[in-house]
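Biologist: I should like a close look at a single part of this model, with attention to charged side chains. Please set out the surroundings in one connected account.

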Amino acid sequence: MSLTQQFAVLATQTPPPYRRYAWLIVERLGEEDVPLCESLGTFPTMMSALYAGQQALQQMHSGG
């Protein structure tokens, strides 16, 4: 199973009125997604949150 099939980076949105985004890394175990790590801060756009989450996932798997 490849890295992209086993793990996923998701974006979540904060409640109104702020509309900020955070990332969440999950491990896919069959039909279930198990949360592994989440951002402590928030980001102004969904894409910036997803990009930061993808970088975190790469660091987790490179040992950095």
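Modeller: The account below begins with the basis of the values and then turns to one acidic residue. This is a predicted model, in which local features need pLDDT of at least 70 and side-chain atom pairs count only at pLDDT 80 or more, while totals for chains, interfaces and linings use all residues. Residues are numbered from 1 along each chain as its sequence is written, and side-chain values use heavy atoms, with hydrogens and water left out.

The protein chain follows the pattern α-β-β-β-α along its sequence, where helices (H or I, at least four residues) and strands (E, at least two) are DSSP runs numbered from the N terminus. Glu27 lies in strand S2, residues 21-29. Glu27 is buried yet has no salt bridge, and Arg28, the nearest side chain of opposite charge, is 10 Å away. Buried means under 20% relative accessible area, exposed over 50%, and partly exposed in between (1.4 Å probe, protein chains only). A salt bridge is a side-chain nitrogen of Lys or Arg within 4 Å of a carboxyl oxygen of Asp or Glu; for charge, Lys and Arg count as positive and Asp and Glu as negative, with His and the chain ends not counted.

The side chain of Glu27 does form a polar contact of 3.1 Å with that of Gln6; the term denotes a pair of N or O atoms within 3.5 Å, and within protein one must be able to donate a hydrogen and the other to accept it, residues adjacent in sequence counting only if both atoms are side-chain atoms. Leaving aside residues up to four places away in sequence, Glu27 touches Gln6, Phe7, Glu32, Asp33, Val34 and Leu36, contact meaning heavy atoms within 4.5 Å.

Arg28 instead meets Asp33 in a salt bridge between their side chains (3.8 Å, N to O), and a search of the whole structure finds one salt bridge. Arg28 counts as partly exposed because its relative accessibility is 37%, and Asp33 likewise counts as partly exposed at 38%.
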